[in-house]
Amino acid sequence: VTFRAGRFGPVQLAAHGVAYSLLPLLYMVPLGLSIGMANAIGRKLGAGAVTECKRIAAATLALGLAIIATLSATVYSLRCYIFRMYGANGSEEVLAYADELWPWLCLDLAFDNSFALLTSLNRGLGLQRRSATCIVSVLWPVGVPLIVFGADSVTRIWQLMPIIYATLDVLQIACFGCSSWAKLAEALQLEASLAGASASSSSSSSSSSSSPTPNATSGTQMIS
C-alpha cells in the first residue's frame, strides 16, 4: 500500500503516513484478545465441549467487536488531536488531506481489526488451511491488483481497503459458519486417542526390548 501511495506525491504520502501509522498500534488490542480466544476454544474443542466453545466464541466476538467499534469512533472523534500530534511542525495541506481520508481509515480499522478476531477463531477450530486459502485467494490476486491498478489517489486506496478486508471477513465467517463444530471436535478427539494409543504402544515395545530375556537371566545366574 505504501509503495503505491508514494507515487501520488509527498503531500498525499505524508497524509497516508499519518493514517497508516495508527493501524499497527490499534491492531494490538484485538490481536491480544484473539490469541486468548483461540487458546480457550482449542482446549474446549479438544475436550469435546462444543457448546462451551460456541459460548466462548460468541462472548469474545461480542466483546471484541464492541471494543473495535469504540476504537474506531474514538479515533474519528479525536482526529483533530491526532492531527495536532503529527502537525506541530507540519504542513496544513497534509493535515487537510489526512482529514479527507480519515473516515475511510476508521472504516478500514473496523474491518481490519475484525479480521484479527475471525482468523483466530478459525485457528482455534483447527481451520487454518481453509482460512489461509481464503486469505491468499483474495489478498494477493484480487487486493493487490485492485490497489495497484484501481487507485488513482491515496484517498482511493483508503476507499478500497475496507472493501478488501470486508470481503476477507465474510470469507472467514464462512469458514467457521459452514463447518460442523461437533465433527471438528470428534476428529480432534479421534486424532488425540490415536496418538495416545501409538505412544502407549511405543512405550510398551520399548519396555519389552529393555527387559532381559529368560535365557540371559539363567545364564547370568549360572555364572554367578
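Here are three short exercises, with solutions, on a predicted model.

**Exercise 1.** Find the largest pocket: what is its volume, and which residues are the closest to its centre?

*Solution.* Start with the volume, which is about 340 Å³. Next, look at the lining: there are 15 residues, and Val 1, Tyr 20, Leu 139, Val 144 and Tyr 165 are the closest to the centre. Now place the lining on the fold. Helix 1 (2-5), helix 7 (128-150) and helix 8 (154-177) are the elements that give two or more residues to it. Helix 7 gives the most, with six residues. Finally, sort the lining by class: you'll get 12 nonpolar, one polar and two charged residues.

**Exercise 2.** Which residues of the largest nonpolar core touch the most other members, and which helix gives the largest share?

*Solution.* This core has 32 residues, so begin with the ones that touch the most other members: Leu 22, Val 75, Leu 101, Trp 102, Leu 105 and Trp 158. Then see where the core comes from. Helix 2 (10-20), helix 3 (22-46), helix 4 (50-77), helix 5 (79-86), helix 6 (92-124), helix 7 and helix 8 each give two or more residues. The largest share, 10 residues, belongs to helix 6. Last, look beyond this core: another one lies apart from it, with 18 residues, including Ile 41, Leu 45, Ile 56 and Leu 61.

**Exercise 3.** Leave out residues up to four places away in sequence: what does Trp 158 touch?

*Solution.* Go along the chain. You'll meet His 16, Ala 19, Tyr 20 and Leu 23 among the contacts. Further on come Leu 101, Trp 104, Leu 105 and Asp 108.

Definitions and conventions: Residues numbered from 1 in each chain as written. Predicted model: local features only at pLDDT ≥ 70, side-chain atom pairs only at ≥ 80, totals over all residues. Heavy atoms only, no water. 1 Å grid on protein atoms, 1.4 Å probe; cavity = no way out; pocket = protein on both sides within 12 Å on 5 of 7 lines; lining within 4 Å. Points joined across faces, edges and corners; volume = space filled by probe spheres on them. Helix = DSSP H or I, 4+ residues; strand = E, 2+ residues; numbered from the N terminus. Nonpolar A, V, L, I, M, F, W, Y, C, P; charged D, E, K, R; others polar. Core = buried A, V, L, I, M, F, W, Y, C linked by side-chain atoms within 4.5 Å. Buried < 20%, exposed > 50% of the residue type's maximum accessible area, 1.4 Å probe, protein only. Contact = heavy atoms within 4.5 Å.
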